[in-house]
Amino acid sequence: RARAHRGRSHRGRSGSAQERQRSSTQGRQGQESTPPMPKRPPAATPGAPGAAKVPRWSSASVASAIALAYAAGLGSRVLLTAGGDPPPSTADAFSHTTHPDMATDGFNWTQLSMSRANNFPSGTIKYLDAATIKERGAMHAWHTTFARSIPALVSGLGDDVAASFSGWRREDYRRHWGEKDVVVAFSPDEMFQRGVLRSGLRRLQAPHRQRMRFDAFLDAQAESERVIPPLEHVAVQQSPSRDLSDFGLPPLPPFVEELVSPTLQARNLWVAAPPKTSVLHYDWQDSVLLQVSGTKRFTLIDPARLHTAYPAVMLMENLVRTGAGQFEPRLTSREVDNFPLANITHPDYDRHPLLRDAHVMTVEVPAGSALFLPAYWFHQVESFAAPGELNVAVNYWFQGHSLATRLYRTLRENVFVNCTLPAAPGQLHPCRNSVLPEDEG
């Protein structure tokens, strides 16, 4: 008998072979600083020949559905199930799916949903290694991580890259990268974004950014450190280079090129002399972070409990640097919605009591390793490096799923009752107002 899984619905071995192949093809094609929002696809012309008839969901309807889910206690994944035993504690938590054969019977798009609390051993994430990905292929990595919205630390994925920069000091970077252009952020302290109150309204304050040569960045970094505490904090947040080959860095993450390349959205080069913190936020794209030098610590919140971080919409305020360590705030008309109200490292449970129920995980990414981070996972990033060295990393963002698909998966996970699983003997089935006989349980 298939075991019951908390709050998950599926269609079993759904559809024809052609449908399963089409689903597999869809899956294959699938901030620190945040990449640009994906463009909305053009709408189909109503009434056009062959146009599919789809239900018209207003934004208010969708919001109401989500609100009802949370009001019913479903947002924390305390969901209605069809009864039955929970997965055995000795089993591999990452193998559990909505269908008992999914892990060995290929890829079924209809069975995927947003991250599920039962997918994660307490307090940790999934661990992979480069040898396994090389042996089993990039799409196996996709199916077991991004497709299920499961983050994973991949050891050894960037070993060769990290080895080529091992032991580099600042003067080594100056010698090799000094003439290359980069985009540099200046912040009054190590928090490179923050929420601020202006006239009783909360805004997101973003650092001053400007384009300069890499050697000028190193000079600004050295100047800021002449006094303690530093006058300002300086970090590279991007590079105008399209493929980063100018820096001796791979244009795509090793061993998963076929996964990232078709829908690559952006690449970011991160360089900083610690301390540096990018505060809690989520990105709209799936991403691979390749750590080249130093270590990053990620604090993550499962998007299945998105509400516990107190998501918010606010206007952005840019800092304008008027001199070394001197900044003026300038309000913009840009709205941001991926930075929540909660402070994950210094929580205020009186103001944000739901944060106690957040599913929080912490992972350290050392040089040579990579982090697979699915879209919509809140994350705060802290950078570390040995004295005299720099923290260097590369982000590759790609569009693994459409936003519409993700919205559907979220609603499916948090609102839909799973009617495909049997009720335990003698228990009411949630999809019928009757008691099923034991032989049907």
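This report describes strands, sheets and nonpolar cores in one protein model.

The model is predicted, so local features need pLDDT of at least 70 and side-chain atom pairs count only at pLDDT 80 or more, while totals for chains, interfaces and linings use all residues. Residues are numbered from 1 along each chain as its sequence is written, and side-chain values use heavy atoms, with hydrogens and water left out.

**Strand 17 and its partners**

Helices (H or I, at least four residues) and strands (E, at least two) are DSSP runs numbered from the N terminus. A residue is buried when its relative accessible area is under 20%, exposed when over 50%, and partly exposed in between, with a 1.4 Å probe and protein chains only. Strand 17 spans residues 391-398; because eight of its eight residues are buried, the strand is largely enclosed by the rest of the structure. Asn391, Ala393, Asn395 and Trp397 point one way, whereas Val392, Val394, Tyr396 and Phe398 point the other way.

Two strands pair if DSSP finds at least two bridges between them. Strand 17 runs antiparallel to strand 8, residues 264-272, and asparagine 268 has asparagine 395 of strand 17 as its bridge partner. Strand 10, residues 286-293, also pairs with strand 17 in the antiparallel sense; here leucine 290 is matched with valine 394.

| Strand pair | Bridges | Direction |
|---|---|---|
| Strand 8 and strand 17 | Eight bridges | Antiparallel |
| Strand 10 and strand 17 | Seven bridges | Antiparallel |
| Strand 9 and strand 16 | Four bridges | Antiparallel |
| Strand 5 and strand 12 | Four bridges | Parallel |

**Two open sheets**

One open sheet has four strands in the order 9-16-11-14, with antiparallel pairing. Its edge strands, 9 (276-281) and 14 (360-365), each pair on one side only. The twist averages 15 degrees from one strand to the next; axes are lines fitted to C-alpha atoms, for helices over the stretch in contact, and angles run from 0 to 180 degrees between N-to-C directions. Serine 278 stands opposite valine 381 in strand 16.

Another open sheet of four strands has the order 4-5-12-13 and mixed pairing. Strand 4 (194-198) and strand 13 (326-336) are its edges, and its twist averages 40 degrees from one strand to the next. Arginine 203 stands opposite leucine 315 in strand 12.

**Nonpolar cores**

A nonpolar core is a set of buried Ala, Val, Leu, Ile, Met, Phe, Trp, Tyr and Cys residues joined through side-chain atoms within 4.5 Å. The largest has 49 residues, of which Trp177, Phe214, Leu249, Leu269 and Phe372 touch the most other members. Apart from it lies another core of 16 residues, including Ile125 and Ala393.
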